Amino acid sequence: MPSTKKAQYVTNQFTWIPIYQELAKELANWQNRQGELIAFLETLRRDGFVITPLNDKNKAGIRYPLKEIDPFTFFGVFNRRIQYEQRIHILARIKQYFKLKSDLPEDLNGLPVLDNRKSWFFATKATRSNTDIPALWNVFQAALKKSPLKSRDFQKAFDAAASVNGAHVNLTMGLFWINPYTFLNLDETNRTHLGIDLPADGLSAKFYATTITQFDTRKKSFPEISLEAWGYQNARSKMVAEPKRAYRTRTVTQPYSIETLLLEGVFLKEGQVKEILERLQTKQALILQGAPGVGKTFLARKLAYALMEELDPARCEMVQFHQSYSYDDFVRGYRPLAGQPGAFGLQNGIFYEFCQRAADDPEREYVFIIDEINRGNLSQIFGELLMLLESDKRGVENSVSLVYHAKNEARFYIPKNVYLIGLMNLADRSLAMVDYALRRRFAFFTLHPQYESDIFRQWLIYRNMNPQLVELIVKRMAALNHTIKEDLLLGENYQIGHSFFCPKGENFEGLDETWYRTIVRTEIIPMLKEYWFDNPKKAEDAERNLLT
């Protein structure tokens with residue numbers, strides 16, 4: 001009778017189990033084909049799927065493509081907090097790739113999922129042992145054998161895998177994925193639901209087997225227990241995977257972390273990014289400054305998403321200041337009314353509207369980016385809001401009356417969840433310096449050209465750019481920047497940034513010296529001639545050094 005009940009759940013309630021179990025049996029044979037698994041995942045990523053990061057990191061902080069992977073981390077690609085449809089589409093591709101016979105599931109009910117920021121079962125190469133990945137393969141294979149909980153080999157393999165940095169209780173989640181009627185998931189959500197406390201000395205095979213025995217005597221199967229804790233996830237609900245208590249109201253967004261930022265061509269070290277984010281969180285107003293082409297605009301939005309910890313463009317606004325930009329455009333003013341020729345009316349500016357949206361959503365961060373912040377008349381644009389930029393002047397208790405306001409209208413304030421990022425080009429002679437009253441309200445971080453950075457060099461090489469071409473770019477542009485830096489009329493603020501040589505795409509194999517020369521002739525040389533307009537010989541020498 002019990003076996004009939006379990007079969008009913010497999011068919012009607014937990015339709016994910018057959019394909020998960022079939023995939024597990026197939027994947028157990030791929031330990032010596034890890035490169036093929038990574039290549040398949042890379043194909044999914046290029047096709048637009050939100051998957052596990054595929055870049056490793058060594059002790060020097062250099063990131064490079066992952067070379068090894070364990071089967072649990074592979075399963076984690078479609079068992080993370082991403083959209084239900086994404087998970088099913090990834091499974092469809094996996095079914096096709098492995099030629100699985102089981103049907104795609106009609107639900108993912110009760111399936112526990114990983115935190116997107118910690119979706120590997122192992123650490124990066126910087127701290128990873130050579131035995132970590134093999135240990136995870138070993139316990140995965142042992143778990144699929146008959147009566148694994150009674151096997152000494154499985155118990156030994158479990159203890160070895162549980163000690164891997166990155167596995168721990170996630171190991172029990174992975175075991176539940178591949179054999180859910182045998183293994184109980186002991187993640188925090190399930191432990192809270194069942195009232196289980198982990199031992200002080202850590203997770204062990206003995207504790208795990210004892211806990212399973214304790215709950216195996218109950219009338220409910222492990223999938224049923226997990227369903228109580230994690231809830232329903234199916235085509236009708238179309239939810240992001242979350243514990244039952246939270247998933248009904250969660251907004252569907254793509255997770256975004258510091259790791260994601262670093263993988264996208266931001267040539268900074270992790271410590272630098274953390275410092276920038278710390279200053280942004282503390283000061284709530286930050287200016288990224290630097291020479292042309294150092295990636296200020298490229299970095300700004302990524303910092304915003306890293307602060308939010310998710311990719312949500314609706315909470316990030318961007319404007320560009322210019323000499324004609326005014327308080328009326330930014331905060332509020334009298335402007336022509338749409339559809340009413342000759343008529344003017346009081347209208348809210350973009351920053352006013354942005355602050356209203358943020359005030360209605362106080363639990364989440366909102367980031368306002370101002371490109372070319374030093375091109376505008378800042379005192380005129382911000383007006384009475386200058387004081388409110390300070391982090392301790394935020395909130396309704398510091399509200400002010402606007403220059404243009406309606407009778408009995410509530411005073412204006414900048415919400416505490418609003419963060420500003422300004423971008424400033426240091427090489428433009430036509431721009432005035434930011435006045436000190438405004439400057440003290442911002443934290444500043446200077447970006448520099450990264451030609452001589454190992455991170456920049458490796459980023460190009462790992463995308464198949466010819467190493468000789470990489471060295472050509474690095475040596476000649478570094479030499480040019482040295483010349484510019486030593487020039488008494490120019491200096492370091494006029495150096496040429498690395499973004500000129502960061503092409504789009506993921507494969508630079510087809511780029512050659514002709515591409516380099518085209519960039520130099522059409523983008524770099526015109527700038528140098530402007531720099532040395534009063535010294536044409538110096539510009540000609542620089543051109544010759546770049547193109548010879």
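## Questions about a predicted model

At the start of H19 in this predicted model, a side-chain oxygen of Ser 453 comes to within 3.1 Å of the backbone nitrogen of Ile 455.

Reader: Okay, so which helix do the buried residues of H19 pack against?
Author: Let's start with who is buried: in H19, which covers residues 454-461, that's Ile 455, Phe 456, Arg 457, Trp 459 and Leu 460. The buried residues of this helix pack against residues 467-486, which make up helix H20.

Reader: Is Gln 450 buried or exposed?
Author: First, find Gln 450 in the loop that runs between strand S11 (443-447) and H19. Buried means under 20% relative accessible area. Gln 450 has 16%, so this residue is buried.

Reader: What does Gln 450 touch, leaving out residues up to four places away in sequence?
Author: Close in sequence, the backbone oxygen of His 448 sits 3.2 Å from a polar side-chain atom of Gln 450, but your question skips that one. Far along the chain there's Gly 497, 47 residues apart from Gln 450, with 7.3 Å between the C-alpha atoms. The residues that Gln 450 touches are Phe 267, Phe 456 and His 498.

Reader: Lys 296 is buried, so how far away is the nearest side chain of opposite charge?
Author: Look for Lys 296 in helix H14, residues 296-308. A salt bridge would need a side-chain nitrogen of Lys within 4 Å of a carboxyl oxygen of Asp or Glu. Lys 296 has none, and the nearest side chain of opposite charge belongs to Glu 372, at 7.2 Å.

Reader: Then which backbone oxygen lies 3.0 Å from a polar atom of the Lys 296 side chain?
Author: Leaving out residues up to four places away in sequence, Lys 296 touches several residues, including Leu 288, Gln 289, Leu 423 and Asn 425. Ala 291 is another one of those contacts. The backbone oxygen at 3.0 Å from a polar atom of the Lys 296 side chain is that of Ala 291.

Reader: Is Phe 344 buried or exposed?
Author: Phe 344 is in strand S8, residues 344-348. Together with Tyr 334 and Leu 346, Phe 344 makes a nonpolar surface patch of about 320 Å². Exposed means over 50% relative accessible area. Phe 344 has 54%, so this residue counts as exposed.

Reader: Last one: which residues does Glu 390 touch, not counting residues up to four places away in sequence?
Author: Glu 390 is in the loop between helix H17 (378-382) and strand S10 (418-425), and counts as buried because its relative accessibility is 15%. Lys 283 is 107 residues away in sequence, yet the C-alpha to C-alpha distance to Glu 390 is 7.2 Å. The residues that Glu 390 touches are Arg 440 and Arg 441.

Terms used: Residues numbered from 1 in each chain as written. Predicted model: local features only at pLDDT ≥ 70, side-chain atom pairs only at ≥ 80, totals over all residues. Heavy atoms only, no water. Buried < 20%, exposed > 50% of the residue type's maximum accessible area, 1.4 Å probe, protein only. Helix = DSSP H or I, 4+ residues; strand = E, 2+ residues; numbered from the N terminus. Contact = heavy atoms within 4.5 Å. Polar contact = N/O pair within 3.5 Å; in protein donor to acceptor, adjacent residues only side chain to side chain. Lys, Arg positive; Asp, Glu negative; His and termini not counted. Patch = residues over 30% accessible without salt bridge, like charges linked within 9 Å, V, L, I, M, F, W, Y side chains within 5 Å. Areas by Shrake-Rupley, 256 points an atom, 1.4 Å probe, with all protein chains shown as cover.
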